[in-house]
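Let's take a friendly walk through the charged pairs and the nonpolar surface of this protein. Have the viewer ready and follow along.

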Amino acid sequence: PGSCGDAPAPRYVLKLCNLTESREVVEMQSAAFRHLAAHGIPSPSTVQSLNLSDVEVVQDSIGQDVLVRCVTYVPGKLMVDVKHDDDFLQGLGEFVGLMDKALESFWHPAAHRYMVWDLAYGLATVNNNLCHVSDESRRNLIVRCIERYEAVGGTQRVKRLRKAVVHNDANDHNVVVEETGSFFKKKSKAVAAVIDFGDMVYTELVNNVAITLAYAMLAK
C-alpha cells in the first residue's frame, strides 16, 4: 500500500511455518499479540486473511501442507547491532518485565507443552547431551555445576517458583531497538518490541529473566 503524506507505508512479514509447528501454537502467538496490545505492550500484530483467519494453509512444491500467516513488520535495529549501554540494558529489563507482567493474565492450551528450550527441562536436557561434549575438562565443569545445583536442592526449589506463559526467547536477534526512543520516550535508545513468539511456553516466570540476561551478557 502507498503512504499518506509523510507517513511511511506499512510493511509486513509473510511467515511460512516450520512443518513440525502445530496450528495451535501458531494461533497462540496471534492471541498473545492481541493480549499484549490490550495491555499497551508493543508487539507485532497478525494481519488476517480474506477469510478472516489468522492462519492459512498452502501447499509447497511437493504437496505438503504449510501454515502461513502475515504479521506487521517492526522497524528498528536488532539488539545485536546496538551498543549495550546502561540506559539500554535498563530499558530492556523494564520492557521484558512489563511484557511478563502483561502475560501473567494470558492463558492458552498450546502453551502447556514440552519443548527442549524450556528451562524447566534444562537439567534433563543437559544430562541427556553430556555425551556430546568431547572436551573432558568442559564436560567435568558441567558435571560439577550439576552436582552443586542438586546439592542445594535446586530441583525441589524450582517447583515452588511462580509460573506463567512467557516469551522464552528474548535473544539478541529478537529484540528490536528504536534509536529515537519509541516505547520509553525518555530514552534515546530503547526497546521497540520483542519479536518471534515461536518458543512461548508455560514455565517458571524467572526463566524468561534468565534467558534475557544470558543473551544480554554475551561477549561481555
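## Lysine 101 and its network

Lysine 101 has a relative accessibility of 57% and counts as exposed, because the cut-off for that class is over 50%. Do keep in mind, as you look around, that this is a predicted model.

The side chain of lysine 101 meets that of glutamate 104 in a salt bridge, with 3.5 Å from N to O. Glutamate 104 itself is partly exposed, at a relative accessible area of 36%. The pair is part of something wider: Lys101, Glu104 and Arg162 are linked in a network of salt bridges.

## A pair along helix α1

How many salt bridges does a search of the whole structure find? The count is 4. As general background, side chains of opposite charge can pair when their charged atoms come close.

Another of these pairs joins glutamate 27 to arginine 23, at 2.9 Å from N to O. Both residues sit in helix α1, which spans residues 23-38, and they are 4 residues apart, about one turn of the helix. Glutamate 27 has a relative accessible area of 29%, so this residue is partly exposed. Arginine 23 is also partly exposed, with 28% relative accessibility.

## From helix α1 to a loop

Now move along to arginine 34, which forms a salt bridge with aspartate 54; their closest N and O atoms are 2.9 Å apart. Which parts of the chain does this pair tie together? Arginine 34 belongs to helix α1, while aspartate 54 lies in the loop between β2 (46-47) and β3 (56-59), so the salt bridge connects parts that are 20 residues apart in sequence.

Is aspartate 54 buried or exposed? With a relative accessibility of 13%, aspartate 54 counts as buried, because the cut-off for buried is under 20%. Arginine 34, at 46% relative accessibility, counts as partly exposed.

## A nonpolar patch

Leaving the charges behind, have a look at Leu161, Val206, Val209, Leu213 and Met217, which make a nonpolar surface patch of about 440 Å².

Valine 209 is a handy residue to zoom in on here. Valine 209 is found in helix α6, covering residues 206-216. Its relative accessibility is 40%, so valine 209 counts as partly exposed. That value also fits its place in the patch, because patch members need over 30% relative accessible area.

Conventions
Residues numbered from 1 in each chain as written. Predicted model: local features only at pLDDT ≥ 70, side-chain atom pairs only at ≥ 80, totals over all residues. Heavy atoms only, no water. Patch = residues over 30% accessible without salt bridge, like charges linked within 9 Å, V, L, I, M, F, W, Y side chains within 5 Å. Areas by Shrake-Rupley, 256 points an atom, 1.4 Å probe, with all protein chains shown as cover. Helix = DSSP H or I, 4+ residues; strand = E, 2+ residues; numbered from the N terminus. Buried < 20%, exposed > 50% of the residue type's maximum accessible area, 1.4 Å probe, protein only.
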